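Visitor: I should like to be guided through this model by questions and answers. May we begin once the structure is in view?

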Amino acid sequence: MRVMIATDAWRPQINGVVRSLERMVQAGPAFGVTPKMLTPEGFRQIGLPSYPDIRIALATRRALAERIADFGPDHIHIATEGPIGWLTRAVCLAQKRPFTTSYHTRFPQYVAARWPIPESWSYGFLRRFHGPAAAVMVSTASVESELRQHGFEKIVRWGRGVDLSLFHPRPQSVLDLPRPIFLSVGRVAVEKNLDAFLSLRLPGSKVVVGDGPARADLQKAFPDVTFLGTREGEDLAAIYASSDVFVFPSLTDTFGIVLLEAAASGLPVAAFPVQGPSDVFAGSGAAVLNEDLRTAALQALRIPREICLELAASHSWDRSAAQFYGHIAQVVSQHAGRLPRNGVAVAPQPGITAFASAHPAEGLGPRRLPV
């Protein structure tokens, strides 16, 4: 099965969307899938207004159609609602080609945090984008419930995972700072609500890993905080393992892969009781969720690391990929013979049919894949 994944979010960006898609690409061959990314690479790009580090492609529908035809996919998945996403959607609709989409960010809340735009307008924009999709993949039950309340249909579940071979406890600390160490990892931008963490009166030290348009202002406003910039791989994993509590002040994330990375490192989490943290940690005891973030951070110090490790062990990228490709395989199987490759209708492929039967995707098949 040949799957093309269209996304506006890609390297050099470092965020949960990019990490998730990279993992799906890596896992593809193990599921009999040949994946191909359709990204802003190769197109002229400009910086996103108010966020120049995020580049958006100045592509054309014709150029994207040519890239799609060159690859000849059995299926197209559209991961983001940017220019690449909209143009790919237009190509799929023009060719009457079934496609799936995914919803990664609480876009209406993200926009409202930056500009005075009513959330109802943003939801209307999103309904138009995702409406024609054969399936809309979301990460958690609460995101699904929220979207259904705003008129979304054909929603299926696609969970996330964590690399346990990289993120795990370590015997030595790489942070020579007063303890306890309270850590935050992610994009340093207004929608991440970082000042809610940085303004807390906490003992020990506060550390921020990540970069973004708000970093300069936050460093000036909070000179006692250690800002380490962007870190990846072993460097990032060692910082997680060297900390005492992970503080997640975001109010807009739909999941937060960093939450699983923290738990896999044996790090208890302090967060607000909102989407993302509430879904990830429900009933686990690995986090303290409280409207008073300071109280949550201090209470999280008492959580045994073994509880965090147990939670992380239940989330694998293999399971995530089985859900992702399972949804796609069922859509391909259900629509076989209508259009797929290069505009020429083809019969159902035995391999795709077998995959769809072996990996029944939640919301699309007779059985439900566990979340």
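Guide: Let us start with a term: a salt bridge is a side-chain nitrogen of Lys or Arg within 4 Å of a carboxyl oxygen of Asp or Glu. Please keep in mind that the model is predicted.

Visitor: How many salt bridges does the structure hold?
Guide: Side chains of opposite charge can pair when their charged atoms come close. Counted by the 4 Å limit, the salt bridges in this structure number 13.

Visitor: What is the N to O distance in the salt bridge of aspartate 244 and arginine 179?
Guide: The two side chains meet across parts of the chain that are 65 residues apart. Aspartate 244 belongs to the loop between helix 9 (233-241) and strand 12 (245-248), while arginine 179 belongs to the loop between strand 8 (155-157) and strand 9 (181-185). From N to O, the distance is 2.7 Å.

Visitor: Why does arginine 179 count as partly exposed?
Guide: Buried means under 20% relative accessible area and exposed means over 50%, with partly exposed in between. Arginine 179 counts as partly exposed because its relative accessibility is 43%.

Visitor: How many residues apart in sequence are the parts tied together by lysine 192 and aspartate 253?
Guide: These side chains meet in a salt bridge of 3.0 Å, N to O. Lysine 192 lies in the loop between strand 9 and helix 7 (195-198), and aspartate 253 lies in the loop between strand 12 and helix 10 (257-264). The pair therefore ties together parts whose separation in sequence is 61 residues.

Visitor: Is lysine 192 buried or exposed?
Guide: The limit for a buried residue is under 20% relative accessible area. Aspartate 253 has 14% relative accessibility and so counts as buried. Lysine 192, with 14% as well, counts as buried.

Visitor: Which residue does arginine 231 meet in a salt bridge?
Guide: Arginine 231 is partly exposed, with a relative accessible area of 27%. Its partner is also partly exposed, at 35%. The side chains come to 3.1 Å, N to O, and the partner is aspartate 235.

Visitor: Which residues are joined into one network by salt bridges that share partners?
Guide: A network of this kind arises where salt bridges have partners in common. Here the residues joined are Arg11, Glu22 and Glu232.

Visitor: Why is the pair of tyrosine 240 and phenylalanine 246 tilted?
Guide: A pair of aromatic rings is described by the distance of the centres and the angle of the planes. Planes under 30 degrees apart count as stacked, over 60 as edge-to-face and the rest as tilted. The ring centres of tyrosine 240 and phenylalanine 246 are 5.8 Å apart, and the pair is tilted because the angle of the planes is 35°.

Visitor: What is the angle between the planes of phenylalanine 246 and phenylalanine 248?
Guide: Phenylalanine 246 and phenylalanine 248 are both buried. Their centres are 6.5 Å apart, and the pair is stacked, with an angle of 25°.

Visitor: Which residues do ring pairs link into a cluster?
Guide: The structure holds eight aromatic pairs. One residue of the cluster, tryptophan 158, also has the charged end of arginine 160 over its ring, 3.8 Å from the centre. The linked residues are Phe31, Trp158, Phe324 and Tyr325.

Visitor: Which side chain does histidine 77 join in a polar contact of 3.0 Å?
Guide: Histidine 77 lies in strand 5 (residues 75-78). It counts as buried because its relative accessibility is 0%. Beyond its neighbours within four places in sequence, histidine 77 has contacts including Met4, Thr100 and Phe324. The side chain in the polar contact is that of serine 102.

Visitor: How far apart are the end C-alpha atoms of helix 1?
Guide: Helix 1 (residues 16-27) has 12 residues. The expected span is 1.5 Å times one less than the number of residues, so helix 1 should span 16 Å. The distance between its end C-alpha atoms agrees, at 16 Å.

Visitor: What covers the buried residues of helix 1?
Guide: Among the buried residues of helix 1 are Val17, Val18, Leu21 and Met24. What covers the buried residues includes strand 1 (2-6), strand 2 (34-38), helix 9, helix 10 and helix 14 (317-334).

Technical notes:
Residues numbered from 1 in each chain as written. Predicted model: local features only at pLDDT ≥ 70, side-chain atom pairs only at ≥ 80, totals over all residues. Heavy atoms only, no water. Phe/Tyr/Trp six-rings, centres within 6.5 Å; stacked < 30°, edge-to-face > 60°. Buried < 20%, exposed > 50% of the residue type's maximum accessible area, 1.4 Å probe, protein only. Lys NZ or Arg CZ within 6 Å of the ring centre and 35° of its normal. Helix = DSSP H or I, 4+ residues; strand = E, 2+ residues; numbered from the N terminus. Polar contact = N/O pair within 3.5 Å; in protein donor to acceptor, adjacent residues only side chain to side chain. Contact = heavy atoms within 4.5 Å.
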